[in-house]
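Keep the sequence and the 3D view side by side as you read. We will go step by step through one chain.

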Amino acid sequence: MSNPATLRATAEDQAARFPALLARAEHLAGAVLLGAHGRRRAGVGDDFWQYRPAQQGDSRRRIDHRRSAMGDQEFVREREWQIAQSVMLWVDQGASMRFRSDPKLPEKADRARLLGLAVAILLQRGGERVGLTGTALPPRSGTPQILRLAEAFCLDDATDYAPPEHRAMIPHARAVFISDFMGDLDGVTLALTKAADRGVRGVLCHVLDPSEEAFPFTGRTIFESMGGTISHETLKANDLKSRYLERLAERKAELQRLCALTGWHYGLHHTNASAQSALLWLYSALDTRTGAAA
């Protein structure tokens, strides 16, 4: 059990990340040139969106008599689909995300937090409500919500592999999952299946360190999970390379299959690649029906 001194040191470390993460995310989001906001659509909501000519099948109660009195045609008052403007984020904060193969590279967690917060800033600027999956931080609009997200993203999870949060999925909303997806895929399958059942579509951003793709290990090597719960020693690491790469390819294929089945987009991002290119892909994938590797 952690003692008070340890808890305080952990809290101070997490608090120190908050302003730096926020500043970097603001800078990254500011580098992305946004076009017109294209998510506004008709549906059930509270805010007026547009008038349109009445069509066969429209209820008489939907006719706006004041607007219709201005001419010979009847008009319906449409409202904005508020639910479809909610975007839920899940950024993996498990111990596996704190890996980096080189001090010059960011940790996977650092890149995931940066991308998660930057895309939230872009969405908020575009009129979206953003929040976390689950019940801790429901989607809201405004700058205070960005501050809450930044604070939440600075918290670490003690488990080696954190499964996606699948509770309280808002029907017909959008979602973004950012992770290395190194853990059991059953949790990912459950989350995407529940999302699909509620009409939620989204983006799955697969973040990997370049060494996790190349497997550059030879000779005697000790492989240990970041949380210290799993350890494996081998005298010939190079003998494991082909099997490891085969398993990694299978994992990518399974994630892509899940996304195809549930209507999500899959993108792969390496921590030695540009964060800006990954952010551009994330934002565009939320807005379109096509996606590509990040």
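What follows is a walk through a predicted model, from a helix to its contacts, then to loops, strands and a pocket.

Start with helix H3. It covers residues 108-125. Does its length fit what a helix of this kind should have? What span should the 18 residues of H3 give at 1.5 Å a residue? The expected span is 26 Å, and the end C-alpha atoms of H3 are 26 Å apart, so the two values agree. The expected span is 1.5 Å times one less than the number of residues, because that is how the span is defined.

Now look at what surrounds H3. Is the helix mostly covered or mostly open? It is mostly covered, with 15 of its 18 residues buried. Buried here means under 20% relative accessible area. Just past the helix comes Gly-127, which has a positive phi of about 95°.

Both ends of H3 take part in salt bridges. Take Lys-108 in helix H3. Which residue does Lys-108 pair with? Its partner is Asp-180, and the closest N and O atoms are 2.8 Å apart. Asp-180 sits in the loop between E5 and helix H5, 72 residues away along the chain. Are these two residues buried or exposed? Lys-108 has a relative accessible area of 1%, so it is buried. Asp-180 also stands at 1%, so it counts as buried.

Next, go to Arg-125, also in helix H3. The side chain of Arg-125 meets that of Glu-26 in a salt bridge, at 2.9 Å from N to O. Glu-26 belongs to helix H1, which covers residues 4-30. The two partners are 99 residues apart, so this pair links distant parts of the chain. How covered are they? Glu-26 has a relative accessible area of 32%, so it is partly exposed. Arg-125 reaches 46%, and it too counts as partly exposed.Helix H1 holds another residue worth finding, His-27. At 64% relative accessibility, His-27 counts as exposed. How far apart are His-27 and Ala-118 in sequence and in space? They are 91 residues apart in sequence, with 8.4 Å between their C-alpha atoms.

A further salt bridge joins two loops. The side chains of Arg-98 and Asp-156 meet at 3.7 Å, N to O. Arg-98 is in the loop between E3 and H3, while Asp-156 is in the loop between H4 and strand E5. In sequence they are 58 residues apart. Arg-98 is partly exposed at 24%, and Asp-156 is partly exposed at 28%. Salt bridges with shared partners join Arg-98, Arg-113 and Asp-156 into one network. How many salt bridges does the count give? It comes to nine.

Stay with the loops, and look at the backbone. Ala-168 is in the loop between H4 and E5. Its phi is positive, about 55°, although Ala-168 is not a glycine. Ala-168 is partly exposed, with 43% relative accessibility. Now move to the loop between E5 and H5, where Phe-181 lies. Phe-181 is not a glycine either, and its phi is positive, near 50°. Is Phe-181 buried or exposed? At 3% relative accessibility, Phe-181 counts as buried.

Turn to the strands. Strand E6 covers residues 201-208 and is joined to E9 by six bridges. These two strands run parallel. Which residue in E9 is the bridge partner of Leu-208? The partner is His-270. Strand E9 covers residues 265-270 and is mostly covered, with five of its six residues buried.

Last comes a pocket. The second largest pocket holds about 380 Å³ of space. Strand E3 and helix H4 are the elements that give two or more residues to its lining. Which element gives the most? E3 does, with three residues. The whole lining has 20 residues. Trp-90, Gln-93, Leu-132, Thr-133 and Glu-165 lie nearest the centre of the pocket. By class, the lining has eleven nonpolar, four polar and five charged residues.

Methods:
Residues numbered from 1 in each chain as written. Predicted model: local features only at pLDDT ≥ 70, side-chain atom pairs only at ≥ 80, totals over all residues. Heavy atoms only, no water. 1 Å grid on protein atoms, 1.4 Å probe; cavity = no way out; pocket = protein on both sides within 12 Å on 5 of 7 lines; lining within 4 Å. Points joined across faces, edges and corners; volume = space filled by probe spheres on them. Helix = DSSP H or I, 4+ residues; strand = E, 2+ residues; numbered from the N terminus. Nonpolar A, V, L, I, M, F, W, Y, C, P; charged D, E, K, R; others polar. Salt bridge = Lys/Arg side-chain N within 4 Å of Asp/Glu carboxyl O. Buried < 20%, exposed > 50% of the residue type's maximum accessible area, 1.4 Å probe, protein only. Pairing = 2+ DSSP bridges.
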